[in-house]
Amino acid sequence: ILTPAGEEDSAWRRLTQEILRERASALRLAYQAAQHIGWLGQLGTEAELQERYGLPLMVTLRHPHGVTHALETAAREWRRWLEEGPFRGELRLLEAKDVLTLLPREVNPESAVNYVLGQLEDGVELTLGVSAQAADAPFLALCDYAVTPGEGPVLRAALTCLDHSEEDADA
């Protein structure tokens, strides 16, 4: 989150650093798990541990040739590792066509939107969300308007999320 001067918001940075410190061990072990899943399954996948502020931010897993079966197998094994391991509920797995990404559950666009809206208080008349990722459907649902490319999975996921939020409001 950037300030109007283009600098990173210091309160958001402190919050993010706190989350990353709390999830550092989980992300390091998730990176090792991703490597082992690829090696043991002979999937040919490549894991990368990305950092921010000198702390683990996320783990990404790709196949150098985009082999879909390898990523699907790795995703299934990673989900099982998450469900059966001690980090259930701490990390979230995002699945895209060519990459798997594991992040702390609290690091998400909807948290950022809620933070910004809280900082702006009552001066917000309209919110606009832009994304091409299906995993961003909850973020887009928080916005008054959402922009997505084409008729892909983002639109379907956002509409599903909106339907669920309307059902919750009616209950």
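**Exercise 1. Find which residues are joined to Glu8 by salt bridges, and say where they lie in the chain.**

Step 1. Arg52 forms a salt bridge with Glu8, and the closest N and O atoms of this pair are 2.9 Å apart; the term salt bridge stands for a side-chain nitrogen of Lys or Arg within 4 Å of a carboxyl oxygen of Asp or Glu. The model is a predicted one, in which local features need pLDDT of at least 70 and side-chain atom pairs count only at pLDDT 80 or more, whereas totals for chains, interfaces and linings use all residues. Residues are numbered from 1 along each chain as its sequence is written, and side-chain values use heavy atoms, with hydrogens and water left out.

Step 2. Place the pair of Arg52 and Glu8, which form a salt bridge. Because Arg52 lies in strand S1 (residues 46–52) and Glu8 in the segment before helix H1 (10–40), the pair ties together parts that are 44 residues apart in sequence. Helices (H or I, at least four residues) and strands (E, at least two) are DSSP runs, numbered from the N terminus.

Step 3. Glu8 also forms a salt bridge with Arg13, where the closest N and O atoms are 3.8 Å apart, and in this way Glu8, Arg13 and Arg52 are linked in a network of salt bridges.

Step 4. Glu8 is partly exposed, with a relative accessible area of 23%, and Arg13 at 28% and Arg52 at 37% count as partly exposed as well. On this scale buried means under 20% relative accessible area, exposed over 50%, and partly exposed in between (1.4 Å probe, protein chains only).

**Exercise 2. Describe the salt bridge between Glu95 and Arg79.**

Step 1. In this salt bridge the closest N and O atoms of Glu95 and Arg79 are 2.4 Å apart. The pair links distant parts of the chain, with Glu95 in strand S3 (residues 91–95) and Arg79 in helix H2 (residues 68–84), 16 residues apart.

Step 2. Glu95 is partly exposed at a relative accessible area of 48%, and Arg79 counts as partly exposed at 32%.

Step 3. By the rule for salt bridges, the count comes to six.

**Exercise 3. Locate Gln42 and Tyr53, and give the phi value of each.**

Step 1. Gln42 has a phi near 50°, a positive value in a residue other than glycine; its place is in the loop between H1 and S1, and at 74% relative accessibility Gln42 counts as exposed.

Step 2. Tyr53 has a phi near 60°, again a positive value in a residue other than glycine. Tyr53 is found in the loop between S1 and strand S2 (55–62), and counts as partly exposed at 28% relative accessibility.

**Exercise 4. Name the residues that form the patch of negative charge on the surface, and place Asp168.**

Step 1. The patch gathers Asp163, Glu166, Glu167, Asp168 and Asp170. Patches are made of residues with over 30% relative accessible area and no salt bridge, like charges being joined within 9 Å and nonpolar side chains (Val, Leu, Ile, Met, Phe, Trp, Tyr) within 5 Å.

Step 2. Asp168 lies in helix H5 (residues 153–170) and is exposed, with a relative accessible area of 60%.

**Exercise 5. Set out the elements of the protein chain in order.**

Step 1. The protein chain has five helices and six strands, and from the N terminus on its elements run α-β-β-α-β-β-α-β-α-β-α.

Step 2. Of the 171 residues in the protein chain, buried residues make up 33%.

Note on methods:
Areas by Shrake-Rupley, 256 points an atom, 1.4 Å probe, with all protein chains shown as cover. Lys, Arg positive; Asp, Glu negative; His and termini not counted. Charge placed at Lys NZ, Arg CZ, Asp CG, Glu CD.
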